[in-house]
Amino acid sequence: MNKVKLKVPASYEFLGPVFYLTEKLVELFSSDERALAIFPLAVQEIMANIIEHSYEEKGGEISILWEINRDLIRVEFSFGGKRVKIPEVEFDLERKIKERKGRGLGLEIVRKIADELEYGYRGGKNWWRITRRFRS
Amino acid sequence: MLEVKTEISQGVVFLRPRGRIDPLTVDDFERELERNIKEGRVKIILDCSELEYISSAGLGVLIGHIEEIREKGGDLVICCTTSRVYQIFDLLGFTRIYRFFPDIGAALRVFVDEQS
């Protein structure tokens, strides 16, 4: 596996750079156009979730490890702040429209794009890991 | 970064976001949408031709306002030709609930035909 590791501030200003780095890595290793179109957004949504919910927009640091080869890409986030809690709520777009509530879409995007999605807490740090296998 | 251009023609608002809609820029997009709704302009074409991507923050804005737009007799239709943006809309089921068009002319005809 090829690896890229970065430590970035937990700031919305870094969503763009993380998105484009992920896009470039997918482009470099795969011709899976769907993965190229949607996977960078999933990575960005996880990072936005960390900034908003774990760090409550007060800043901090996020370590990001990209692992990629011709078969798959895996991105792992390691960070402090509040413990990750993911609600197990079934997504219902019609209900959200009726309630005029657009919250919770980010996690749904992540769930739909990931082949594997894991998260947890170890050694005083939270972690998220998302994996997407490339289709030919 | 994001720039949102607004044009009004034949009673229809063309919202043209250029760049990306994410948590950093979503307020600019929402402000422009709300301004038009508040001023009674509820026939809206969202032209995504220069939109690099839209994150959940932007999709949430569309969800939050569509009922109000339709209650006021309008609609927000989406003109989307770029594959990435369309795939994100499709992933969450927006293509079942919002009307999508491949070009501005087709989107505009919907409102013009409804007026006549």
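So, strand β5 of chain A, residues 125–133: seven of its nine residues are buried, which leaves the strand mostly covered. By buried I mean under 20% relative accessible area, with exposed over 50% and partly exposed in between, using a 1.4 Å probe and protein chains only. Strands here are DSSP E runs of at least two residues, helices are H or I runs of at least four, and both are numbered from the N terminus.

Quick housekeeping. This is a predicted model, where local features need pLDDT of at least 70 and side-chain atom pairs count only at pLDDT 80 or more, while totals for chains, interfaces and linings use all residues. Residues are numbered from 1 along each chain as its sequence is written, chains are lettered from A and ligands numbered from 1 in the order in which they are written, and side-chain values use heavy atoms, with hydrogens and water left out.

Okay, which strands pair with β5(A)? One is β3(A), residues 72–79, antiparallel over eight bridges; another is β4(A), residues 116–122, also running antiparallel, with seven bridges. Pairing here means DSSP finds at least two bridges between the two strands.

Take Trp127(A) in β5(A): Ser78(A) stands opposite it, and so does Gly120(A). Next along, Trp128(A) in β5(A) is the bridge partner of Phe77(A). As a reminder, side chains in a regular strand alternate between the two faces of the sheet.

The link from β4(A) to β5(A) is a hairpin with two residues between the strands, and Gly123(A) in that turn has a positive phi of about 55°.

Now β3(A). Six of its eight residues are buried, so β3(A) is largely enclosed by the rest of the structure. Besides β5(A), there's β2(A), residues 61–68, pairing with β3(A) in the antiparallel sense through seven bridges. Those two make a hairpin as well, with three residues between them, and Glu67(A) sits opposite Arg74(A) in β3(A).

Last stop, helix α1 of chain A, residues 15–29, which is where you'll find Val26(A). Buried or exposed? Val26(A) is buried, at a relative accessible area of 0%. What does Val26(A) touch, leaving aside residues up to four places away in sequence? Ala35(A), Leu36(A), Phe39(A), Ile68(A), Ile73(A) and Phe134(A), where contact means heavy atoms within 4.5 Å. And Asp71(A), 45 residues apart from Val26(A) along the chain, has its C-alpha 10 Å from that of Val26(A).
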